[in-house]
Amino acid sequence: MNDDEAIALAMSEAQAAALRGEVPVGAVLLSGEGTLLAADGNRIVERRDPTAHAEILVLRAAAEKLDNERLLGTTLFATLEPCAMCAGALSLARVGRVVFAAEDPKGGAILHGPRFFDQPTCHHRPRIARAGDPEAAGALLKEFFRIRRS
């Protein structure tokens, strides 16, 4: 699976999350060889779990699948810039690369807020890249919240 296919799958997971009434964020984790390890969307409401962000769910699933808490050489694709919790988990899991579509000026922790990977206390810094359509990812979120507020 290439980057474009992976970010498209993450968008599909985000759309499915929206249909479940969840904030529409999706994530996909690929092995270093491009094999799909896990894909999911937010399930915070469904699981009554504030940590059930899409990124956390795919890290957990991949770690279980690989029987290893270290996800060396993997790439995480997300529709939205990961938050501080997810950035911390990505670092602890030793994910090799993080790719996301839309920036999150309010809650993001990679390019915004704490800039987690730039902190001296961060022991593993994945490479960061952008892919997909940030406008489409952002529009999905804006529409979700517009409907919620009306």
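This report describes the sheet, the helices packed on it, the largest pocket and several individual residues of a predicted model.

## The sheet

The model holds an open sheet of 5 strands, arranged in the order β2-β1-β3-β4-β5 with mixed pairing. At the edges stand β2 (36-41) and β5 (127-130); each has a single partner strand, so one side of each is left without a neighbour in the sheet. On average, and with direction ignored, neighbouring strands of this sheet are turned by 15° against each other.

Strand β4, which covers residues 97-102, runs parallel to β5 and is joined to β5 by 4 bridges. Phe 100 has its bridge partner in β5, namely Arg 130.

## Helices packed on the sheet

Helix α1 (residues 3-19) packs on the sheet and touches β1 (26-30), β2, β3 (75-80) and β4. The direction of α1 makes about 145° with that of β1. Helix α5 also packs on the sheet, where it touches β3, β4 and β5. The direction of α5 makes about 65° with that of β4.

## Two buried residues in the strands

Ala 27 belongs to strand β1. Is this residue buried or exposed? Ala 27 counts as buried because its relative accessibility is 0%, and the cut-off for a buried residue is under 20%. With neighbours within four places in sequence left aside, the contacts of Ala 27 include Ala 10 and Glu 13, and both of these positions fall within the range of helix α1 (residues 3-19). Other contacts of Ala 27 are Ala 38, Ala 39, Asp 40, Ala 54, Glu 55, Val 58, Leu 76, Phe 77 and Ala 78. The C-alpha atoms of Ala 27 and Ala 14 are separated by 7.7 Å, and the two residues are 13 residues apart along the chain.

Thr 79 is part of strand β3. With a relative accessibility of 2%, Thr 79 also counts as buried. Not counting residues up to four places away in sequence, Thr 79 touches Ala 10, Met 11, Ala 14, Pro 24, Val 25, Gly 26, Ala 101, Ala 102 and Ala 137.

## Helix α4 and its buried residues

Which residues of helix α4 (residues 84-92) are buried? They are Cys 86, Ala 87, Gly 88, Ala 89, Leu 90 and Ser 91. The buried residues of α4 pack against α3 (54-66), β3 and β4.

Ser 91, a residue of helix α4, is buried at 6% relative accessibility. When residues up to four places away in sequence are not counted, Ser 91 touches Phe 116, Phe 117, Cys 122, His 123 and His 124.

## Two loop residues with positive phi

Most residues other than glycine have a negative phi. Asp 67 is not a glycine, yet has a positive phi of about 55°. Asp 67 lies in the loop between α3 and β3 and is exposed, with a relative accessible area of 72%.

Arg 94, likewise not a glycine, has a positive phi of about 65°. This residue comes just after α4, in the loop between α4 and β4. Arg 94 is partly exposed, with a relative accessible area of 23%; the partly exposed class lies between the cut-offs of 20% and 50%.

## The largest pocket

The largest pocket holds about 380 Å³ of space. Of the 20 residues that line this pocket, Val 23, Leu 80, Asp 104, Gly 107 and Leu 141 are the closest to its centre. The lining comprises 10 nonpolar, 4 polar and 6 charged residues. Which element gives the most to the lining? Helix α5 (residues 134-149) does, with 4 residues.

Leu 141 has its place in helix α5. Leu 141 is buried, with a relative accessible area of 11%. Apart from its neighbours within four places in sequence, Leu 141 is in contact with Val 23, Pro 24, Val 25 and Leu 80. Val 23 and Leu 141 are 118 residues apart along the chain, and their C-alpha atoms are separated by 7.1 Å. Val 23 and Leu 80, both in contact with Leu 141, are also among the residues closest to the centre of the pocket.

Notes
Residues numbered from 1 in each chain as written. Predicted model: local features only at pLDDT ≥ 70, side-chain atom pairs only at ≥ 80, totals over all residues. Heavy atoms only, no water. 1 Å grid on protein atoms, 1.4 Å probe; cavity = no way out; pocket = protein on both sides within 12 Å on 5 of 7 lines; lining within 4 Å. Points joined across faces, edges and corners; volume = space filled by probe spheres on them. Nonpolar A, V, L, I, M, F, W, Y, C, P; charged D, E, K, R; others polar. Buried < 20%, exposed > 50% of the residue type's maximum accessible area, 1.4 Å probe, protein only. Contact = heavy atoms within 4.5 Å. Pairing = 2+ DSSP bridges. Axes fitted to C-alpha atoms, helices over the stretch in contact; angles between N-to-C directions.
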